[in-house]
Amino acid sequence: MAEAGRKLSLAAWVWVLIAGLAVFELVAHPLIRAATPSDESWEAASAFVRARYQPTDRIVAAPSWADPIVRSHLGDLLSLRMAAPSHLAGIDRVWELSIRGASTRDEPPALEEDFAGVRVRMWPVSTDDVLYDFVEEVEHAEVELVAGDGSKFCPWVSARPAPGGLGRGPMTPKERFVCDSRRPWLWVGATVMPDLELRPRRCIWQHPAGTEPVRVTFLDAPLGERLVIRGGIDYNGERRRNHGPVTLRVWIDDRLAGELVHHDGDGWSGIDIDTSELALERAEVRFETTAQDPTARLFCWSASTLQGAGEE
Amino acid sequence: MNRRDHLIGAGLCVAYVLLLVGTAPDLAMSRDESFYVHAAKSYATWVSQILSDPTLAFERESIDRAWAYNWEHPAWMKLSFAWSWLAQKHLALFPNESLAFRFPGMLTAGLLLWLIYAWGASVMRRQGALFAALAFALMPRVFYHSHLACFDIPIAFFITLTAYSYWRALADSRWVPFVGLAFGLALATKHNSWLLPGIFLVHFLWIRRDEARAARIDRSSIAWLPSMLIVGPLVLIGTWPWLWHDTWSRLLRYASFHLRHVHYTYEYLGISYFEPPLPVSVPFVMTLFTVSLTVLALSLLGLYHRRDALRAPWRLKLGDVTGRRTEVLWLGCMLAPMLAIALPTSPIFGGTKHWITAYPFLALFAGWGLVAIIERSELEAWAGLRWPSWAFAVLCLLPGAAETAHSHPFGLSHYTPIAGGVPGAADLGMNRQFWGFTTGSLATWISSKLSEGGSVWICDTTNGAWAMMQRDGLIPSNVGVASSMGSADFVLVHHEAHFNEVDYQAWVAYGSVQPVFVLRYDGVPIISVYENPIDTNRD
C-alpha cells in the first residue's frame with residue numbers, strides 16, 4: 001500500500017508539473033507580447049533624442065536587432081558615416097535607444113529616460129577630432145591603375161550602380177572611378193561594406209588588380225597627429241578564409257608611411273600612423289592596394305587624419 | 001480500431017484542411033513553392049500533351065523539355081500540384097490559383113492527422129491518439145509548412161504511412177505490397193525517405209533478436225524488404241518521366257545533388273553558419289524552441305512510460321511474449337531524421353522542415369505521455385468523472401494552439417516562450433525567417449503606396465512568388481518587380497543576419513539609412529522597406 005501510495009503521489013506530482021508547464025506557456029506567451037514596446041513608445045523616445053541631437057552625436061540601438069526600428073525613426077539624422085562607422089573618432093556623444101534591458105555600454109550614462117519600455121541613455125565621449133575623412137573626400141582624389149612602367153588614370157564617372165542582392169558584394173555607387181570596363185570590379189568609390197561580423201563599414205572600395213597597384217592619391221590632405229587606417233574584405237569573401245592577403249601601402253609625400261597587410265579572418269582592422277613628427281600641415285597621401293591573387297579580394301578601407309587626444 | 005475511429009480521423013483531416021484553406025490567403029508563396037509551381041505548370045503541359053498527342057508526349061524530347069526543370073526533386077507531389085492546377089483551369093475549384101497548387105500538400109497534412117490518430121488508436125487509448133494528432137497539428141512550424149505547395153509535410157505523411165504499412169506488414173502479410181507502394185510514394189516525394197530502409201532494418205533485427213531470445217518458432221517475415229526494394233524504385237521511376245531515359249545516370253545525378261548539397265547560411269545562437277559542421281545541438285534546440293514545451297515534456301514522459309517496450313533484446317528471457325516493438329520503431333523514426341541533420345558531415349540546412357518527419361512520432365509519444373499521466377495519477381478514478389482527463393488534455397493542447405494561432409502568418413519567425421518568444425530568439429541570435437514569404441504581410445502596404453503602379457525590389461522573394469501574389473489579387477498587376485534597387489520605387493530587405501549586406505546596399509543606393517516602414521512581429525523587425533528618393537510623389 002505504501003508503495004502504491006508513493007507511486008500515486010509521484011504521478012500526481014508529474015501531473016501538476018505538466019499542468020504547470022502548460023500554464024507557464026499560456027501565461028508567458030501573452031506576457032512576452034505585452035512587453036513589446038508600442039509605436040508610441042518608440043516615437044516618444046525618438047522625439048526626445050531628436051530634440052537634443054547634434055551632428056557629432058551617434059545613435060545606436062540595443063539590442064542590435066532593434067537597429068532598423070531606431071533608424072526608421074531617426075535615420076534621417078544619421079549619415080552613412082555615423083551609421084557605418086569605421087572608428088569612433090569625431091563623435092562627441094552616444095545616444096542609445098534600448099529595449100529589454102539591453103545595453104551597449106557598461107558605464108553609467110549622463111542622461112537616462114524611460115518611455116514605456118524604450119530606454120534612452122546618453123554618454124558624452126571624448127574622441128579625437130577628425131580633420132579629414134578620406135572616404136568622404138574620395139571624389140577629389142586621383143585614381144590610377146599601374147601597369148608596367150606606366151599608369152592609366154581612372155575617370156570619375158556617373159554610371160549604372162549595381163542591382164543589389166545577396167552575395168553581390170557592396171553596392172557600387174552611382175558615381176565612382178572606373179578603371180577597366182572589362183573588369184567591372186576595378187572601380188574606386190565610397191560604399192558600405194559588411195565586415196566579417198556583418199557590421200556596416202563606410203569605406204573606399206579599392207579592389208586590388210594584382211601585384212601592380214591600384215593607386216588612390218589625395219594631393220593635399222590636412223595632416224594632424226595621427227592617420228588612422230582601417231580595412232577589411234567583404235563578409236562573403238573573408239568568411240571563407242581561403243584566399244591570399246591584400247596589402248595596402250600608405251605613402252605620405254612619396255615616403256612609405258605604413259603598410260596594412262590584411263589576411264582573411266582579421267576582420268575590420270588596421271593601423272594607426274603617428275604623423276605628429278612629420279611637422280606637416282598638409283601632404284600628398286597615397287593609398288595603393290596589391291595582392292598576389294586578386295580573386296575575390298573585395299577590399300575596402302577607410303582613413304582619417306585626427307587631431308586631439310581622445311580616450312575612445 | 002473501428003469505423004468510429006476512422007470517422008474521427010476523417011473529421012480531423014477535413015477540419016484541418018478547411019483550417020488551412022481558410023488561413024492560406026495570409027501566406028504569400030515562398031521561394032521554393034514558386035519553383036515547384038513553375039515545375040508543376042511545365043509538367044501539366046506534358047500531361048495535357050498526353051491527352052492531345054500521346055505519341056509525341058512520350059518521345060524523349062517532349063519528356064525532357066517538360067521534365068528537365070527542377071530535376072533535383074522527384075515528381076510525385078509536383079505532379080499532384082499539376083493535376084490540381086489543371087482541375088482549377090477547367091473546373092475553377094478554388095478561389096485563387098495559389099490554393100490550387102497548395103491543396104494537395106494541405107490534403108497530405110490532413111491525411112497525416114488521420115494516420116497519426118489511427119496508428120495511435122491502434123496501440124493506446126483514443127484520448128492519447130487524438131491528443132497526438134492535435135499536438136502535431138498545433139505545432140507552429142507544422143502549421144506553416146502544412147499550407148505550402150512543398151514536400152515537407154507530404155514527406156512526413158508518406159514516411160509515416162510507410163512506417164505504418166511496415167508495422168502492419170509485420171503482423172499481416174497482406175500489407176506487404178503496401179509497404180513497397182508507400183515507400184515508393186515516399187521516394188517519389190523527397191529524399192528524406194532514403195533513411196527508411198535503415199530504420200526498418202534496425203527495428204526488424206531488434207524484433208528478430210527478441211524472437212530468437214524468446215525461442216519463438218514463428219518468426220516475423222522480412223517480405224517487406226523486397227517489397228520496398230522492388231516496388232519502391234518502380235514507383236519512383238514510374239511517376240517521374242525524367243528518369244525514363246538515361247535512368248541510371250539521372251538517378252546518380254539526383255542522388256549526387258543531395259549528397260553534395262550546397263550549404264545554406266543559417267543563423268544559430270548568434271553565429272551564421274555557412275559550411276559544416278553545424279552544431280550537433282541544432283535539431284534538438286530548434287525543436288525545444290519551436291514545439292510547445294508541454295508537448296515535449298509529455299513526449300519524454302511517454303518515452304519513460306514505454307521504457308519496457310524499448311528494452312534491449314538481450315534483456316528478454318526464454319518464453320517472454322514478444323511483439324512488434326512499436327515504440328522502438330517510433331523512436332527510430334523520431335531520432336533518425338534529427339541525427340541525420342546533426343551529423344557533422346551533413347550539408348547545412350537548419351530549418352525545422354528538414355527533420356519535420358520526426359514530429360508525428362514525437363506527437364505519438366506525447367500521446368503516450370498523456371495516457372500515462374491520466375492513468376497513473378488516476379485522474380478519472382479520483383474525480384469519478386471522465387471530463388477532468390479531457391480537460392487536462394485540452395489544457396496541454398492550449399499552449400500549442402495559442403502559439404500556432406499567434407505564429408500565423410510568421411510561422412518561420414515564431415519561437416516558443418522557452419526561447420523568450422520572438423524577441424528572445426532575436427536576442428539569442430536565432431534564424432528569423434527564410435524563403436521571403438513574409439512579403440505577403442506587406443501586400444496591403446505596398447498596394448496603398450503604389451496605387452498608381454510602380455516597382456519593388458523584392459529581396460528574397462522570387463519573381464514567381466510575386467507573380468502569384470498578383471494572380472491571387474494581393475498585389476496590383478501594375479506593381480512590378482524591379483531588377484535593380486536603383487530602378488525600384490521601394491526596396492525590401494528581409495531580415496536575416498546574412499542579409500545585412502542587402503541592407504547596406506540599400507543605404508548606398510538611396511543615400512539613406514532610414515527605412516520608411518519596418519514590418520515587425522512581436523516587435524522584431526522582419527522586413528525593412530526603403531523608398532527611392534528620386535520619386536517620392538506617390539501618396
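This is a chat about a predicted model with chains A and B, going from the contact between the chains to the parts within each chain.

Q: Before we start, how are residues, chains and ligands numbered or lettered, and what pLDDT do local features need?
A: Residues are numbered from 1 along each chain as its sequence is written, while chains are lettered from A and ligands numbered from 1 in the order in which they are written. The model is predicted, and local features need pLDDT of at least 70, side-chain atom pairs count only at pLDDT 80 or more, and totals for chains, interfaces and linings use all residues.

Q: OK, how many residues does each chain bring to the contact?
A: Chain B brings 53 residues and chain A brings 45 residues, where two residues are in contact if their C-beta atoms, placed from the backbone, lie within 7 Å.

Q: And which elements of chain B give two or more residues to that side?
A: They are α15 (293–305), α17 (359–376), α19 (387–407), α20 (421–428), α23 (500–510) and β7 (524–531) of chain B. Here helices (H or I, at least four residues) and strands (E, at least two) are DSSP runs, numbered from the N terminus.

Q: Which one gives the most?
A: On the side of chain B that touches chain A, α23(B) gives the most, with nine residues.

Q: What does that side look like by class?
A: The side of chain B that touches chain A has 30 nonpolar, 17 polar and six charged residues. Ala, Val, Leu, Ile, Met, Phe, Trp, Tyr, Cys and Pro count as nonpolar, Asp, Glu, Lys and Arg as charged, and the others, Gly among them, as polar.

Q: Staying with chain B, what are its domains?
A: The domain assignment gives domain 1 (3–368) and domain 2 (437–531) of chain B; such bounds come from an automatic or database domain assignment. The centres of these two domains of chain B, taken over C-alpha atoms, are separated by 34 Å.

Q: How many residues does each domain of chain B put into their contact, and which element gives the most on the domain 1 side?
A: The contact takes 16 residues from domain 1 of chain B and 17 residues from domain 2 of chain B. On the domain 1 side, α2 and α6 (97–123) of chain B each supply at least two residues, and α2(B) gives the most, with five residues. That side of domain 1 of chain B divides into four nonpolar, seven polar and five charged residues.

Q: Back to α2(B) then, how do its axis and that of α4(B) cross?
A: The axes of α2 (residues 31–52) and α4 (residues 60–67) of chain B come within 8 Å and cross at roughly 150 degrees. Axes are lines fitted to C-alpha atoms, for helices over the stretch in contact, and angles run from 0 to 180 degrees between N-to-C directions.

Q: So are they roughly parallel or roughly antiparallel?
A: α2(B) and α4(B) are therefore roughly antiparallel to each other, a label for angles over 145 degrees, with those under 35 counting as roughly parallel, 65 to 115 as roughly perpendicular and the rest as oblique.

Q: Which residues meet there?
A: From α2(B), B:S42, B:Y43, B:T45, B:W46 and B:Q49 meet B:S62, B:A66 and B:W67 of α4(B).

Q: New topic: is B:G184 buried or exposed?
A: B:G184 is buried, with 26 other C-beta atoms within 10 Å. A residue is buried if 20 or more other C-beta atoms lie within 10 Å of its own, exposed if 12 or fewer, and partly exposed in between, with C-beta atoms placed from the backbone.

Q: Where does B:G184 lie, and what is it in contact with?
A: B:G184 lies in helix α10 (residues 176–187) of chain B. Leaving aside neighbours within four places in sequence, B:G184 is in contact with B:V231, B:G232, B:L234, B:V235 and B:L236.

Q: Now chain A, what is the strand order in its open sheet of six strands?
A: The order is β7-β6-β12-β17-β14-β15 (chain A), with antiparallel pairing, and two strands pair if DSSP finds at least two bridges between them. The edge strands are β7 (150–153) and β15 (255–262) of chain A, each pairing on one side only.

Q: How many bridges join β6(A) to β7(A)?
A: Four bridges join β6 (residues 142–147) of chain A to β7(A), and A:L145 has A:K152 as its bridge partner in β7(A).

Q: And what pairs with β4(A)?
A: β2 (residues 93–98) and β4 (residues 118–124) of chain A pair in the antiparallel sense over six bridges, while five bridges join β3 (residues 111–115) of chain A to β4(A), also antiparallel.
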